[in-house]
Amino acid sequence: PQRSNSMFNWFLAAEENAKCRDYEITTISDIKKAGIYTCKATVPGNFELDMFANGLIGDPFFGDNPLKIQKLENRHLWYVCNFKSENTDNLNLVFEGVDTVADVYVNGVLLGNCDNMFIAHEFRIDDYIHDGENVLRVYLKSVVCESDNMEYTLKMINTPVNIESRH
């Protein structure tokens, strides 16, 4: 059965001064212990709009605000929600687009990773949830930082040019 987003009470945790740090945060209590700021969030959505809705930044579409919020690109972000389940059989968690590099946890167990926002990611969760209260956490890593850790091979491609087509 398909479930509505209205049953999830999401919040966003954003590390303010994170520049490519590794975190060992696997639970909501780890986020609180680290003193990381949290606010209400909307899913689907994005963190800039959540921060704007909570009065943390100016309108991201106004004036030079798009340039001002570029400093947020190095932040570590966590989207977290608690949800209740009465049925733990045959359940899949589907993300239709996660931007971009993320780890997905249910009740502290790593389900898997996302690294492409243009494809859906699906995780089987039957073995990790239980009747009653459960916690879903999505750790969004900074794409700027993650790209620094990737190796790129540059290749020179010699493509013939048709000079006649330029006239």
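Here is a short tour of this predicted model, one selection at a time.

**Stop 1: the whole chain**

Start with everything shown as a cartoon. You should find four helices and eight strands. Coloured from the N terminus onward, the elements follow the order β-α-β-α-α-β-β-β-β-β-β-α. Of the 167 residues in the chain, 37% are buried. Now switch on the surface: its accessible area is about 11,400 Å², and carbon and sulfur atoms account for 50% of that. How many of the contacts between residues at least 6 apart in sequence join residues at least 24 apart? The share is 68%.

**Stop 2: the main core**

Hide the surface and select Leu-12, Tyr-79, Leu-93, Phe-95, Val-104 and Leu-136. These are the residues with the most contacts inside the largest nonpolar core, which has 30 residues. To see where the core comes from, colour the elements that each give it two or more residues: strand 1 (9-14), helix 2, strand 3 (77-85), strand 4 (92-95), strand 5 (101-106), strand 6 (109-114) and strand 8 (132-141). Which strand supplies the largest share of this core? Strand 3 does, with four residues. As background, nonpolar side chains in soluble globular proteins tend to be buried together.

Next, centre the view on Phe-95 and show what surrounds it. Setting aside neighbours within four places in sequence, Phe-95 touches Val-104, Ile-119, Ala-120, His-121, Phe-123, Leu-136 and Val-138.

**Stop 3: a second core**

Clear that selection and pick Phe-11, Ala-13, Ile-28 and Ile-36. They are among the nine residues of a second core, separate from the main one.

**Stop 4: the cysteines**

Select Cys-39 and Cys-81. Are they buried or exposed? Cys-39 counts as buried because its relative accessibility is 8%, and Cys-81 is buried too, at 1%. Don't expect to draw a disulfide anywhere, as the count is zero.

**Stop 5: three salt bridges**

Now show the charged side chains; the structure holds three salt bridges. In general, side chains of opposite charge can pair when their charged atoms come close.

- Select Lys-141 and Asp-103. Their closest N and O atoms are 3.2 Å apart. Lys-141 sits in strand 8 and Asp-103 in strand 5, so this pair ties together parts that are 38 residues apart in sequence. Lys-141 is partly exposed, at 22% relative accessible area, whereas Asp-103 is buried, at 9%.
- Select Asp-126 and Arg-124. Here the closest N and O atoms are 2.7 Å apart. Asp-126 counts as buried at 16% relative accessibility, while Arg-124 is partly exposed at 47%.
- Select Asp-64 and Lys-68. The closest N and O atoms of this pair are 3.6 Å apart. Asp-64 is partly exposed at 41% relative accessibility, and Lys-68 is partly exposed at 48%.

**Stop 6: a nonpolar patch outside**

Bring the surface back and select Leu-49, Phe-52 and Phe-61. Together they form a nonpolar patch on the surface, with about 320 Å² of accessible area. Zoom in on Leu-49, which you will find in helix 2 (residues 47-53). Why does Leu-49 count as partly exposed? Its relative accessibility is 35%, and partly exposed covers the range between buried, under 20%, and exposed, over 50%. While you are here, recall that helix 2 also gives two or more residues to the main core.

How values were computed: Residues are numbered from 1 along each chain as its sequence is written. This is a predicted model: local features need pLDDT of at least 70, side-chain atom pairs count only at pLDDT 80 or more; totals for chains, interfaces and linings use all residues. Side-chain values use heavy atoms; hydrogens and water are left out. Patches are made of residues with over 30% relative accessible area and no salt bridge: like charges are joined within 9 Å, nonpolar side chains (Val, Leu, Ile, Met, Phe, Trp, Tyr) within 5 Å. Accessible areas come from the Shrake-Rupley method with a 1.4 Å probe; for residues, only the protein chains shown count as cover. A salt bridge is a side-chain nitrogen of Lys or Arg within 4 Å of a carboxyl oxygen of Asp or Glu. Buried means under 20% relative accessible area, exposed over 50%, partly exposed in between (1.4 Å probe, protein chains only). Contact means heavy atoms within 4.5 Å. A disulfide is a pair of cysteine sulfur atoms within 2.5 Å. A nonpolar core is a set of buried Ala, Val, Leu, Ile, Met, Phe, Trp, Tyr and Cys residues joined through side-chain atoms within 4.5 Å.
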